[in-house]
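Dear colleague,

I am passing on to you the structure below, together with its sequence. Please look it over before reading the notes that come after it.

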Amino acid sequence: MSALEMLVMIAAGALATQITRWASFLAFPTAEKTPKAVTYLGTVLPATMWGLLIVYCFRTSDPLSGYHMAPELLAAAVVVGLHLWKRNMSLSMIGGTLVYMLLIRTVFPLA
Amino acid sequence: MDEPRDRIEADAAPPGGAADTRRARAARAFPFAFRQTLPLMAGFAFCGLSYGVYATSIGLPPWAAPLMAVSIFAGSAEFVAADMLTASFTPLSLFLVVLMVNARHLFYGISMLEKYRGAGRKTAFLRYGLIDETFALCQPLEAPRGVDRFWVYAWITGLNLVYWAGFAAVGSYVASGLPVDLTGIDFIMKALFIVIFLDCWMGEDDHRASLIGLGAALACLVAFGSDGFLVPALLSIVALLLLLRKQLDREGGEGGANASSPTEAEAEQAL
């Protein structure tokens, strides 16, 4: 992707974010005047997005070949385990990432 | 401007001709605002550095992460945007995914309408920078007497922007000059969303929305493949949510006091 295309992509993301921040100010001046469908979607959408983003992150992992996602799944299990144990965001993320980096260098070397 | 309260606050300010100039009000508000942001600094440092290092490790130029930090200025969405910058040119997909990932910000805006009323020329900046952390700090905040609350909001917004963009810049530039093999550090994005998903899951009574997101995305991945699944997944999630509205809308469409004021915990959890 060229630098110009990157800038257009970034601008699209910036515009989308600013729409979510200005919508209430410009279109929905009070909670009562916000369309019910918008309120409803705003309430339920966030929870759906995190699952979608997990799938998005793993979209290129192939369960049928290679190591059958073993390094990813083991590291993901470490993230889940650490997080259920300590509930510390940084610790869970660092722990899982280090395990992944270690696994692909030792047990499951990348081709 | 604002009601008598502000005048009382102004009266309580130190006497003297220069006490109420713009600069003096700004200066008085800064130490208080800065103290409010201190507890969040470690989180900004970790997430900002991770984000910067991540962006460089997937091959983006080092200016991309700090530029996105100040323009998109929404943590989770920036990780996705960075990832999409390494693939094909799809600004509409990026627009759609960022819009939906940041849908929660709509409620921050509604929730802050009253507080930000009367902010004058600061309004645009406060709106632009209403990220999760700033909302979590400003929403419950009461400025002490003699301190201009709009300056406090503005400083908090600005400081959070400086932390986020600053750490992102440090992360991406340092990583680009580092003679270290960073292969695999991109797992940090997977770890991030697993953690956010877990926090969301443990905080909700009704898991159906979370499962819809996960299930629809998986189904679309199988049906459309890794390159084309994102937009169908986003659209089918909206379609499913609208179809199941009667079942899922527990506020019964009353406008929901609950819906219009997300709690601080939710804001922090959402990064």
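The notes below take up confidence, chain A, the interface and one residue of chain B in turn.

Please bear in mind that this is a predicted model. Its overall scores are an ipTM of 0.94 and a pTM of 0.87. For chain B the average pLDDT is 87, and 85% of the residues score at least 70. Among the elements of chain B, helix H3 (residues 64–71) has the highest mean pLDDT, at 97, whereas helix H14 (residues 257–260) has the lowest, at 39. Two stretches of chain B call for caution when you read the model. In residues 1–16 of chain B the pLDDT stays under 50, and the model gives this stretch 12 contacts beyond four places in sequence. Residues 252–271 of chain B also have a pLDDT below 50, with 40 contacts in the model beyond near neighbours in sequence.

Chain A contains 4 helices and 0 strands, so that its elements read α-α-α-α from the N terminus on. The radius of gyration of chain A is 20 Å, while a compact globule of 111 residues would have one near 13 Å. Measured out along its principal axes, the C-alpha trace of chain A spans about 55 × 40 × 25 Å. Of the 111 residues in chain A, 45% are buried. Where contacts in chain A join residues at least 6 apart in sequence, 35% of them link residues at least 24 apart.

The two chains meet in an interface in which 74 residues of chain B are in contact with 63 residues of chain A. On the chain B side, helix H10 (residues 187–203) gives the most, with 13 residues. By residue type, the side of chain B that touches chain A divides into 54 nonpolar, 14 polar and 6 charged residues.

One residue of chain B may serve as a point of entry. Phe229(B) lies in the loop between helix H11 (208–228) and helix H12 (230–243) of chain B. Is Phe229(B) buried or exposed? Phe229(B) is buried, because 23 other C-beta atoms lie within 10 Å, and 20 or more are enough for a residue to count as buried. Leaving aside residues up to four places away in sequence, Phe229(B) touches Arg59(A) in the other chain, along with Cys220(B), Leu221(B) and Phe224(B). Leu106(B), by contrast, is 123 residues from Phe229(B) in sequence and 26 Å from it in space, C-alpha to C-alpha.

With kind regards

Conventions. Residues numbered from 1 in each chain as written. Chains lettered and ligands numbered in written order. Predicted model: local features only at pLDDT ≥ 70, side-chain atom pairs only at ≥ 80, totals over all residues. Contact = placed C-beta atoms within 7 Å. Helix = DSSP H or I, 4+ residues; strand = E, 2+ residues; numbered from the N terminus. Nonpolar A, V, L, I, M, F, W, Y, C, P; charged D, E, K, R; others polar. Buried ≥ 20, exposed ≤ 12 C-beta atoms within 10 Å, placed from the backbone. Rg over C-alpha atoms; globule rule 2.2 N^0.38 Å. pLDDT = per-residue confidence, 0-100.
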